[in-house]
Structures are given as structure tokens and as C-alpha cells.
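Please walk through the model shown below, beginning with its interior and then turning to the ligand.

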Amino acid sequence: DSERQRPKGTKYPPGPSRKPLIGNLLDIPPTHSWLQFKKWSDQYKTKILRLTMAGQEHYIISSERVANDLLRERGAIYSSRPVAPASAELLSNNLRPVLLPYNDRSDTWRNGRKFMHSVANAKVASQYHATQELESTRMIVGLIREPRRYEHWLELYSAAVVFRLAFGKRIETGEEEVVRRIMKVNHTLERVASPGAYLVDTFPILMKLPKFLAPFKKELQELHREEHSLFRGLLEDVRERMKNDSAPNCWERDFLEQQQSLDLTNDEGAYVVGTLFEAGSGTTAAAMMSFMLAMVLHPAWFRMLQAEVDQISEERLPTLDDVPQMPTVRAAVKETLRWHPVTSGGLPHVCTKDDIYEGFFIPAGTVVHPVQWAMHRDPELYPDPETYNPQRWLDPSYPTYKEPLTEHPNLHNYSTFGFGRRICPGQNIAERNLYLLAARIAWSVDLMKAKDETGKEITPPYYTYTAGFNSQPKRFPFDAKVRSASRQAIIDAEMQRHAENDPLK
Ligand code: HEM
């Protein structure tokens, strides 16, 4: 029926033909859908592509400029999220900030977002450097000891940093009961929120089915009880410790101390902090796995990173104070996120008021997908887009070059963190995690391709990535060796120092 409301002189964006009722539902691949979105955008020569699914409009954006024009410049009407009965309502009981609509009556998202900003803005992010430096030293020690378990070390780092910041607790092995539970909650969310996982997200009318005809309701409500008890447990734990003044500094504590003025209930607060953990851990690890792949595939770039950090000092590990002197490290990280973004499909925004853009009609309720895979392969902005090339951030002849190199390239407001009022509130923490890990890996180890039985080098595939919302390279073989005995000694001494001074010891 939106067809009838279309204002004169406007048109719908182009797109593949639609079947009656279901529209393009069956044309969309169940995994890595962004590859198809990019193909269609090229085929129809459009930066805005139209798909429909069961009567719901979905617009695919494949240009950063368009995404900024709409999602940022017109943020007042492009900042909501899709109706998602399975993930947002049943699983999260309308408490999970990342899935909440923009202006719900209770202001849950707005109040939660204010709090997230207060604990993760650029200024307070500097207070977390000590935590990041401690955990990254541990990561390096692990990587040298067992390079084959690189995924484990990166996941442990990413989880341990936010775990300390959010809950004031240490993670030692990753096998702890509470860590196992929170990781399971992460995986459940990713599974439930994946497009197509629950029919009710495509056909919300199914919510009207009585419980005995809708087994998904019972299943998801049980999953909700588990995550709710976990998130509340973590909050109550800190509340208890505040009573005898033994609570560490952490986001749960910040929340409890400011709860009155934040205007958030206990459940809302527990979910805000829980969400910061779940949004912050897997993404960071996934980005770093792509970085490792980039470095194994492009050893010349890895050597340039090594030269850059060696220039700073061969006598100590690089720190976050060195960031201005590390443009090559920053470029390699930024290029990794361009080449193989973590959220390649982008997080969808919903337009809440009829709109017109460049002659196209965008009816209220349209789901707008800022598809990073396609945006990051726009040849106008990124010449030769399939090539991993950090040079595009370091050489004035490229359109993405910016000066001064003590500041640029950086990840501030980078498309990989989303857009406008919904942009990733953890970007300052994420950015520092990635620079620090990349610099320290380059300083500490040499990376080598693994060899097969016949002694031939194994080159990992360019793009064999996991399915799902966050995508990362499937495990690939490579070897890492500490660069020298003296570097090993420096790393060990640093680890010792951190272990002794750990505020959560
Ligand atoms: C490399 C690491 C990361 C990447 C690539 C990433 C990417 C993103 C993206 C694309 C969005 C959606 C933005 C939009 O809707 O336009 C997002 C949202 C979010 N991110 Fe991140 N993120 C990362 C790390 C983190 C960290 C470390 C935290 C927390 C400490 C975090 C917390 C969040 C939260 C809470 C949201 C939901 C915001 C909302 O809906 O209002 N992220 N992130």
C-alpha cells in the first residue's frame, strides 16, 4: 500500500523483480548476504537498492556519502531499529539497547545511550589504557607460547578488557563459569538476531499465535530468563560489594552511583552494561583475526609495521602514548576494517517518517541497511578496492588521504562503526584495542606462513569467513616466533610488573 502514498514526481529505487507477497525473500542468500547486495548494487548501477520482504521495504545503501546524508544528517528520522519480535521482544524483553527503537515511550534507549557515552567517550577512554596494556601483554605472552591458539588469545583479550571495565572482574582462562555463561548469551543473541533465524521476524503476525502453536515463544522466553539472571547477578554482585566498600571501579558501580539521575531501572542498567560487554568483545576479536590474516597474506606490510614500532623503541613494548608516531599501524588497522569489515552487512536503521532523497521515495518504516561490504568497495573512494592497501591512508595521491599523519588515519566516525545517533558508542575503546594489539604484535613476533608436509608454504584463502552477523576469517594456519631473546625478556618483565600491580589482584 506504500505504492499508493508515493508522492508525485518521486520513484522507488531500482532493484531485482519481486514475487507477489513474499517479494525478494527467497532471493536473499541466508549467509554472507552482503556479497549479493554488492552484486545487485553494481548490476542496477545504484547507490540505493530496493528489496522487499513479505511487504516490508528494505533499502540497501552502498555509498558512504548516502549513508551519511540519511543516517547522520537526517538522524532525527533514521535512527530506529527494525521490529524484531524474536530478538528484541522475546529474547531481550525490550531491554537490549542495541535493538531498541529510537524513541520508545519509556526513553530506555536514550537514557541507556547517555550512560554508555559517559563511560566510553574519548576522554574517559584514556583512563582504560592501563587495563589495555596489561591484557595486551598477556595476549602477547600467549601468542608466543601457543601461536596456533591465536583465536583463543584474541578472544580472551577482547573479553578480558571489557569484563574488567564493565564488571570489575578478571578473566584468567576464559573457562570461568560466569565467562562461559556470558559467552553463551553472546552466541545466542547472534543466532537469534541473524536474519531468517526466526520466521516471526519476517512475519510479525505470527506473534499473535497462542503459545501452544508457537514453540519459539517458550524457547526464547527461557533464554531471556537465563540472560536476565546473569546480567542482574553481575549487577547485584557489585551492589553487595559496595555495601562494605569493596567494590572495584567499574561500569556497574558507575551505574549504581548515578542511577537516580540516569532514570534507568535495575533491569535497564543491567542490560546496558551487559550489552556493552557483548557488543565489545566479539567484534574486537573478529577485527583482530582479520588483521592477522591481512598480515600473513601481506608480509611486506607487516615488516613496515615492525620498522615503525622499532623506530619508537626496541627497548620497550609500544604503548598507547605512541599512537601519534604510528601512522602505518593505524593505516594497517583501518585498511583491515575496510577490506573485511566485522559487520559487513551493517546494522539496520529504520526510517520513521516518509522521506525523499535524490528523487527516491523512502516510506516510513523502511529498513535501511548501510552495507559496509559494498560501501568499502566503492571504487571512487577506494581505487582498486579488492586490494588490501594501507597506502591509501598514507599517500597523498589517494582520495582517502588526510593530514597530519600524527592524527590521520584514525577510526573516528569511520563507517565501520555505523552512523549518526546510533554510531558505535565503544569506538574509542575499540580503536585503542586495535592499535595497541597491532603495534605490540609487530614489535614482539615475526609471522610466517605455515608449511605443509612437503615443506610448501600454505597461503590462507583471501575470504573464507564465518557465517553470521559478525564475520571473521575461519581458522587459518600460520606461525609466530618471538623476534629475539631480548624482546622475550622485556615482555616477561612487563608481564611480571603488570601481575604485581594489577588493581584487581
Ligand atoms: C572493532 C570493534 C567494533 C566494531 C567494528 C563495532 C561496530 C559497531 C557497529 C557497526 C554498530 C552499529 C552502529 C549503527 O547502528 O549505525 C555498533 C553499535 C554498538 N556498539 Fe560497537 N563496535 C565495536 C566495538 C565495540 C565496543 C568495544 C563496545 C563497548 C565497549 C561497543 C558497543 C556498542 C554498542 C552498545 C552498540 C549499540 C549502539 C546503539 O544501538 O545505540 N562496540 N558497533
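Which residues have the most contacts inside the largest nonpolar core? This is a predicted model, in which local features need pLDDT of at least 70 and side-chain atom pairs count only at pLDDT 80 or more, while totals for chains, interfaces and linings use all residues. Residues are numbered from 1 along each chain as its sequence is written.

The largest nonpolar core (a set of buried Ala, Val, Leu, Ile, Met, Phe, Trp, Tyr and Cys residues joined through C-beta atoms within 7 Å) has 102 residues, and Ala 166, Val 329 and Ala 438 have the most contacts inside it. Helix 13 gives the most to this core, 18 residues, where helices are DSSP runs of H or I with at least four residues, numbered from the N terminus. Apart from this core lies another, of 24 residues, including Trp 34 and Met 375.

Around the ligand there are 27 residues, of which Ala 279, Gly 280, Gly 418, Cys 424 and Gly 426 come nearest; a residue is near if its C-beta atom, placed from the backbone, lies within 6 Å. Helix 5 (108-120), helix 13 (266-297) and helix 17 (427-444) each give two or more residues to this shell, and the largest share, seven residues, comes from helix 13.

Cys 424 lies in the loop between helix 16 (372-375) and helix 17, and an unreviewed UniProt entry lists Cys 424 for "binding site", although such annotations may be inferred rather than shown by experiment. Cys 424 counts as buried because 24 C-beta neighbours lie inside 10 Å, the cut-offs being 20 or more for buried, 12 or fewer for exposed, and partly exposed in between, with C-beta atoms placed from the backbone.
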